[in-house]
Amino acid sequence: MPPPQPAPRPEVDRGPELPHVPGLDGLRAIALAAVLVFSQGFDYGRGGFLGTSSAFTLSGFLLATLSLAEWSQSSRLQLGRFWERRARRLVPGLLLTVLLVVILQVAVQVGSVPTFRGDVLAALSFSTNWRLAFPAEGFARSFSELSALRHLWPVAIIAQVFLVFPLLFRGLMWVTGRQWRIAGALFGAGAVASFAWAWTLGGDPDTRDLVYYGTHTRVGELLVGVVLGYAVLSPSFRRFLSRPPIMRTVRYGALGALVGLGLLWTFLPYESDWVFHGGTALNALLTAWVILAVTMPGPTAGLLGIWPLRHVGQVSYAAYLLHWPLYLLLDEDRLGLDGPALFGVRAGATLGAAFLVYWAVETPFRWQIRWPRIQLGGMFAGAAAALTAVVFVLPLNPPHGISLAIDNGDGPGDLDVVQPSGGTEAARVLVVGDQMAGSLVNGFTAWNGSPDNTDQQFRVDTHVTPNCPLGGPETRMSLGQKVEPTLDCEAWRPRLPKTLDAADFDAIIVVMGVSDLGERRIERKWLHLGDPGYDRWLADQIDETADVLAEAGAPVFWATTPHVRMDDEDPATQWPDFDDNDPGRVDQLNQLIIGTVGDRKGFTVVDLDAWLNSTPRGQFNPTLRTGSAFTDDGAAQAIAWLAPHLLARQSSSGSAPSTTTTTATTALPPPPEDPNIPPP
């Protein structure tokens, strides 16, 4: 007799299955391609962010059709099985992505930003979208920092919908009974309400981030797919589709819908008012048309069903999860590539890693691992808890190539740049800022060298990086040219706390902002001082820097920025040719400085601009200042004007500067009369 066969192991409870539609995988593939191009920053992919919108609509369609298929078989929807299937789909890949980002942060400082720990918690709790919609660190941190996990916001929205949808579905289907099509109509009303909400809020720059990341304003794109799912399972709708003219319109018109999606993904930038004034709704409707067409034989189904697109579409979820961390890892500095060559390497690495993850992680968890539901959930929760613990134990490393050590070399954190010259040290001062701040240092040397100041000497340390904007080191435009960030500039902010801890400073002088007079790309739109979004963004940067400086407990003297006349040294151009020299931009910067730090305890706004205007020949006197830096004579006069106030503050605060209660003013009062010091 043959040996007894072991009893077959129970299969994963999949529930009802729908026929596989290859064209849907193809649609996923082209939506992924749009996102990859967009993340690369190509101008011809400026609307590629709408690829996630198409993914929303496709998810809604599959969500509705699977739920309706189960309801038609048993007049019920099993919540436990529904959520288990969604967890098997979403959670393993997300956990692997977070683990990868943690490893990259520790090993090569990829994604090492001040928000890293909060980003991990948001990713593991599927709340990244709300973290970006209401960033605790301010508008600036939401848009400028290269977080390796910020791209997970669409996954968070889909997870939130997966949690709520089956409850709404069961409730509406139970209420409507045999008139279940009414439930589809109600979901349609929800889609209209969501698009209307986005339309209303989308015109206000102050709510732009909320509209883009909010579940309530983006769920309409998903609900369009849900309504389509109800429609295709409706007998009356299928009879309508069976009419030859309608059938031909759907089949062949979908090719035009694909072209329309391509145009949106190519030409509709994020900053356009059209995005939430019909753009996302149009994208969802065109996507729904393509989805409907690929469910029936025709040219669209054949085009999107070819094998390369099918296979890429199958791994599209893993590719989306992995693409942004890999983009940050495979950057221009590490590879020595740019443009299409860099994109080719990044896209190839993303797809290669995605196929591996799909085969080794996604497929086993979706179809092969037969753990009981409680055990599976416990494993997911345990892995998330372990990752959370790890990120709070491991140190937050500085960005790639940046040392937090304080030394006496060039760059941020230079100690003992100026020492007392044979006299009595009266105060230790830290100078913070850019090239204009650095040019003032020679003024302290001149002060210490004067025989009149032997008992009022300064020791000066600096935290200075030339051509470094207050708003951070990301790519910007200056004098009409794109300026890429340097390692010294990237080091400026992370090393500032180390510099402050290096000594017990009696005063801190901040002179910075010249490099912020150009343009900066915020969410793919070039903005400058005077634009509400840029002003709000830069005010947050000023405020965050002031928070760091306040920790030192020393009086802070924050200087306004004088008007500038910078040029690129090209004989064919002159300073009026560049918008960076616009006096209105400088005035707006100074208003932001005054408005942000003017009411801070222990801060004084030093009106350096007004002092320069009061000097002979005004602020553009070439003997005092050239371009964006002071001459040696100008620095000597500026410090001669400022030093008495530094010494007076030191005398009034005594040995405990951290207890100062001096409130800020918009300008220093004039110093004691001295014939050698120009009046302020």
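# Close-up views of a predicted model

**Figure 1. Helix 1 has the length expected from its residue count.** At 1.5 Å a residue, the 19 residues of helix 1 (residues 22–40) should span 27 Å. The C-alpha atoms at its two ends are 28 Å apart, so the two values agree. This model is predicted. Helix 1 is mostly covered, with 15 of its 19 residues buried. Gly-41 follows helix 1. The phi of Gly-41 is positive, near 90°.

**Figure 2. The protein at a glance: 25 helices and 12 strands.** The protein has 680 residues, and 54% of them are buried. Now take the contacts with a separation of 6 or more. Residues 24 or more positions apart account for 79% of these contacts.

**Figure 3. The largest nonpolar core holds 120 residues.** Which members touch the most others in this core? They are Val-98 and Tyr-230. Look at Tyr-230 and leave aside its neighbours within four places in sequence. Tyr-230 is then in contact with Ala-64, Leu-68, Phe-169, Met-173, Trp-180, Ala-183, Gly-184 and Phe-187. Another core, of 71 residues, lies apart from this one. Its members include Ile-542, Ala-546, Val-597 and Leu-647. In soluble globular proteins, nonpolar side chains tend to be buried together.

**Figure 4. Thr-215 is a buried residue of helix 10.** Helix 10 covers residues 215–232. Is Thr-215 buried or exposed? Its relative accessible area is 14%, and buried means under 20%, so Thr-215 counts as buried. Thr-215 touches Asn-129, Trp-130, Ile-157 and Gln-160, not counting residues up to four places away in sequence.

**Figure 5. Six strands form an open sheet with mixed pairing.** The strand order is 1-3-2-6-9-10. Strand 1 (414–418) and strand 10 (603–606) are the edge strands. Each of them pairs on one side only. On average, neighbouring strands of this sheet are turned by 25° against each other, direction ignored.

**Figure 6. Strand 2 pairs with strand 3 and with strand 6.** Strand 2 (425–433) is mostly covered, and seven of its nine residues are buried. Eight bridges pair strand 2 with strand 3 (residues 457–464) in the parallel sense. Val-432 stands opposite His-463 in strand 3. From strand 2, the chain crosses through helix 20 (residues 435–449) to strand 3. This β-α-β crossover is right-handed. Strand 2 also runs parallel to strand 6, and five bridges join the two. In strand 6, the bridge partner of Val-432 is Val-510.

**Figure 7. Asn-448 sits in helix 20.** Its relative accessibility is 3%, so Asn-448 counts as buried. How many residues separate Asn-448 and Ser-421 in sequence? They are 27 residues apart in sequence, yet 5.7 Å apart in space, C-alpha to C-alpha. Leave out residues up to four places away in sequence. Asn-448 then touches Val-418, Gln-419, Pro-420, Ser-421, Gln-456, Gln-457 and Phe-458.

**Figure 8. Strand 9 and strand 10 run parallel, and helix 22 packs on their sheet.** Four bridges join strand 9 (residues 556–559) to strand 10. Trp-558 stands opposite Val-605 in strand 10. Helix 22 (residues 532–550) touches strand 2, strand 6 (507–511), strand 9 and strand 10. The direction of helix 22 makes about 155° with that of strand 9.

**Figure 9. Four strands form an open antiparallel sheet.** Their order is 5-4-7-8. Which strands stand at the edges? They are strand 5 (481–483) and strand 8 (525–527). Each has a single partner strand, so one side of each is left without a neighbour in the sheet. Neighbouring strands here are turned by 35° against each other on average, direction ignored. Three bridges join strand 7 (residues 519–522) to strand 8, and the two run antiparallel. In strand 8, Trp-526 is the bridge partner of Arg-521. Helix 22 lies across strand 7 and strand 8. Helix 22 runs at about 90° to strand 7.

Notes: Residues are numbered from 1 along each chain as its sequence is written. This is a predicted model: local features need pLDDT of at least 70, side-chain atom pairs count only at pLDDT 80 or more; totals for chains, interfaces and linings use all residues. Side-chain values use heavy atoms; hydrogens and water are left out. A nonpolar core is a set of buried Ala, Val, Leu, Ile, Met, Phe, Trp, Tyr and Cys residues joined through side-chain atoms within 4.5 Å. Buried means under 20% relative accessible area, exposed over 50%, partly exposed in between (1.4 Å probe, protein chains only). Contact means heavy atoms within 4.5 Å. Two strands pair if DSSP finds at least two bridges between them. Axes are lines fitted to C-alpha atoms, for helices over the stretch in contact, and angles run from 0 to 180 degrees between N-to-C directions. The expected span of a helix is 1.5 Å times one less than its number of residues. A crossover is right-handed if, with the strands pointing away from the viewer, the path from the first strand over the helix to the second runs clockwise.
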